[in-house]
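Reader: I am new to this structure and would be grateful for a guided account. May I put some questions once it is displayed?

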Amino acid sequence: MTEFIIEAKNLTKSFGDFLAVDGLNLKIKRGEVFGFLGPNGAGKTTSISMMVGLLLPTSGQILIDGEDINKMDKSKIGICPQDIVLWDSLTCQESLQFMGEMYEVPEDILKKRVERLLNDLMLTEKSETIVSNLSGGMKRRLNLAMALIHSPDIVVLDEPSEGLDPQSRRVLWNFIRSLRDNEGKTVILTTHLMDEADSLSDRIAIIDHGKLLRLDTPHNLKREIGEGDVVYIHLSDSDKNSEVINTLKNMDSIDSVMEVEGKINVRTLNAVGKLPEIMAELQHINAEVEDLFLRPNTLEDVFIELTGTTLRE
């Protein structure tokens, strides 16, 4: 069993003269939550569709568990689309039962799996409720349960939190983590919510114009790319602000230092690691700090730095 469950090798996809995916190479690890981010039209949906066998590539190869995707058992993959696909006239339990029968899940296993999914996704009390009478959040959770009823190794979640209230979103996030931590499943996640990608993803691929721009952990991306962390320093004696600013400007790898409303704003990547050096410089010139706090670099800062746009544009 290899470390990587999905490998995309020099993957391209053209629609007429339009090159949607341009030489994509990436590997997705077994048992990780893999975030896929990109502006609208960047090629991420096309890329994922090829990697899970929904779309034929123009060129290149996809391997699942080391085997060409065209030869693999398609039941290894479960897909939860952004657009909810349900049968309005069935109950929650009937929907899962029917889907399980389509995948030929043995009856004794199917019964237990239906009960567990309804429980894990907080739908047990709605098991006999007709789908058309469910709230939008309940429908989305049921849609996810249906993608998992055959216990696939790979789960693709396209905007899973779309339209969910904060409480339902937290339930979903915990469930996604349990898929990885308790069941060892590989989850591919697309989302426009930066906090969701940051909180859930072990690694994130950022794609634009059909090309892979960066692939790394959220921590490393925020530490190495973007506008940098901002350290806000409030001195006991604001008359020393100018001296402190001139001192900090001479430090290596400090991107900017300025005064804003009487406070000193220092912007730098990985500010936490540089705080001891900053404090040593302040102590050296006898600048007493009354208050200090830090705004960490965000995944959105990284995304804008790489793509020049926000995720919603």
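**Strand pairing and helix packing**

Reader: Which residue in β13 is the bridge partner of Asp229?

Author: The model is a predicted one. In it, Asp229 has its bridge partner in strand β13, and that partner is Thr268.

Reader: How many bridges join strand β11 to strand β13?

Author: Strand β11 covers residues 229-235 and strand β13 covers residues 263-268. The two strands run antiparallel, and the number of bridges joining them is five.

Reader: Which are the edge strands of the open sheet?

Author: The sheet has four strands with antiparallel pairing, in the order β12-β13-β11-β14. An edge strand pairs on one side only, which holds for β12 (256-260) and β14 (289-295).

Reader: What angle does the direction of helix α8 make with that of β12?

Author: Helix α8, residues 241-249, packs on the sheet and touches β11, β12 and β13. Its direction and that of β12 make an angle of about 165 degrees.

Reader: Are helices α2 and α3 parallel or oblique to each other?

Author: The axes of α2 (residues 92-102) and α3 (residues 107-120) come within 10 Å and cross at roughly 135 degrees. Angles over 145 degrees count as roughly antiparallel and 65 to 115 as roughly perpendicular. The crossing angle falls in neither range, and α2 and α3 are therefore oblique.

Reader: How many residues in the contact of α2 with α3 are nonpolar?

Author: From α2, Cys92, Gln93, Leu96, Gln97, Gly100 and Glu101 meet Leu110, Val114 and Leu118 in α3. By class, one residue of this contact is charged, three are polar, and the nonpolar ones number five.

Conventions. Residues are numbered from 1 along each chain as its sequence is written. This is a predicted model: local features need pLDDT of at least 70, side-chain atom pairs count only at pLDDT 80 or more; totals for chains, interfaces and linings use all residues. Side-chain values use heavy atoms; hydrogens and water are left out. Axes are lines fitted to C-alpha atoms, for helices over the stretch in contact, and angles run from 0 to 180 degrees between N-to-C directions. Angles under 35 degrees count as roughly parallel, over 145 as roughly antiparallel, 65 to 115 as roughly perpendicular and the rest as oblique. Contact means heavy atoms within 4.5 Å. Ala, Val, Leu, Ile, Met, Phe, Trp, Tyr, Cys and Pro count as nonpolar, Asp, Glu, Lys and Arg as charged, and the others, Gly among them, as polar. Two strands pair if DSSP finds at least two bridges between them.
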